[in-house]
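Hi,

Here is the structure I said I'd pass on to you. Have a look at it first, then read my notes underneath.

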Amino acid sequence: MLSETSADFFGYYPGTVALVTAIYQGQRNVMAAGWHTALSSEPPLYGVAIGRERATYGLIAASGEFGVNFVPAKQARAIQGGGVLSLHDGADKFAALGLTPLPEQPLALREAYLAYHCRLTATLPVGDHDLFVGQVQRTHFDPAQYDERRLFVGQAAIYLGRSEYVTSGAARQSFPPQLYRPEEG
Ligand SMILES: Cc1cc2nc3c(=O)[nH]c(=O)nc-3n(C[C@H](O)[C@H](O)[C@H](O)COP(=O)(O)O)c2cc1C
């Protein structure tokens, strides 16, 4: 039975929260973003909704690029810190949260199991955020966290809302692709 609510309700979680990275003129930053989505496979486009008041917003707008990093459950504290601390207050979140950019690819985090390096292709105003659309230029991933079909087998950091996280790990349900399309004859 469903109940209607008039409240500002974030019940669409659980979901992953990305760590969005940006660098401009030597200034680097990382922030948590629960509002992220794949948008296109050809070309590969990924979107993140970023509030205009975020320090990260200015770095992405100025540099024209951003990183989208997914870290495992053991890094939930870093996600939360990335979403509470701000570069506006002078925080070096990489040091504070124990996050390490790859030397040769500073928008990717060593702690991530998956990292997209995106070139900004569109900035779409969406209410109180802007949707930054990025074309994926490079993808880094941790092979130990994926099986031979490239399905994630690690412990994902799954956000419930209100600063609470759980992880994946329940038994998988697998369905044949043709489940609802039985072969003719
Ligand atoms: C779990 C979580 C998810 C968040 N998701 C978003 C988001 O999708 N977009 C956004 O603009 N801010 C989001 N925030 C807030 C920013 O991460 C937060 O304002 C951060 O301090 C911005 O850092 P900056 O000012 O250094 O860029 C989120 C915060 C948390 C804790």
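Below is what turned up when I went through it.

First, a caveat: this is a predicted model. On the annotation side, an unreviewed UniProt entry puts a "Flavin reductase like" domain at residues 10–153. Over that stretch the chain is 48% strand and 15% helix, with its end C-alpha atoms 27 Å apart.

**The ligand shell**

You'll probably want the ligand first. It has 23 residues around it, and the closest are W35, G51, T56, G83 and S86. By type, the shell splits into twelve nonpolar residues, ten polar and one charged. Both strands and helices contribute: β3 (27–33), β5 (44–51), α1 (55–63) and α2 (76–82) each bring at least two residues. The largest share belongs to β3, with four.

**The core and β6**

The largest nonpolar core has 36 residues, and the members touching the most others are V20, F66 and V71. F66 is worth clicking on. Not counting neighbours within four places in sequence, its contacts are V20, T21, A22, V48, I60, L107, C118, L120, F132 and G134.

F66 sits on strand β6 (residues 65–70), where six of six residues are buried. Side chains in a regular strand alternate between the two faces of the sheet. In β6 both faces are covered: E65, G67 and N69 are buried on one side, and F66, V68 and F70 on the other.

As for partners, β6 pairs antiparallel with β2 (residues 18–24) over three bridges, and T21 stands opposite G67 there. It also pairs antiparallel with β9 (residues 114–126), this time over six bridges, with E65 opposite R119.

**The three-stranded sheet and the tail**

There's also an open sheet of three strands, in the order β1-β11-β12 with antiparallel pairing. Its edge strands are β1 (15–16) and β12 (164–167), each pairing on one side only. Two bridges link β1 to β11 (residues 157–161), and one of the residue pairs is G15 with Y159.

Past β12 you'll come to Q178. Is Q178 buried or exposed? Q178 has just 8 other C-beta atoms within 10 Å, and the cut-off for exposed is 12 or fewer, so Q178 counts as exposed. For a sense of where that leaves it, the C-alpha atoms of Q178 and G15 are 27 Å apart, with the two positions 163 residues apart along the chain.

Cheers

Conventions. Residues numbered from 1 in each chain as written. Predicted model: local features only at pLDDT ≥ 70, side-chain atom pairs only at ≥ 80, totals over all residues. Core = buried A, V, L, I, M, F, W, Y, C linked by C-beta atoms within 7 Å. Buried ≥ 20, exposed ≤ 12 C-beta atoms within 10 Å, placed from the backbone. Contact = placed C-beta atoms within 7 Å. UniProt positions renumbered as here; feature names shortened; annotations may be inferred. Near = placed C-beta within 6 Å. Nonpolar A, V, L, I, M, F, W, Y, C, P; charged D, E, K, R; others polar. Pairing = 2+ DSSP bridges.
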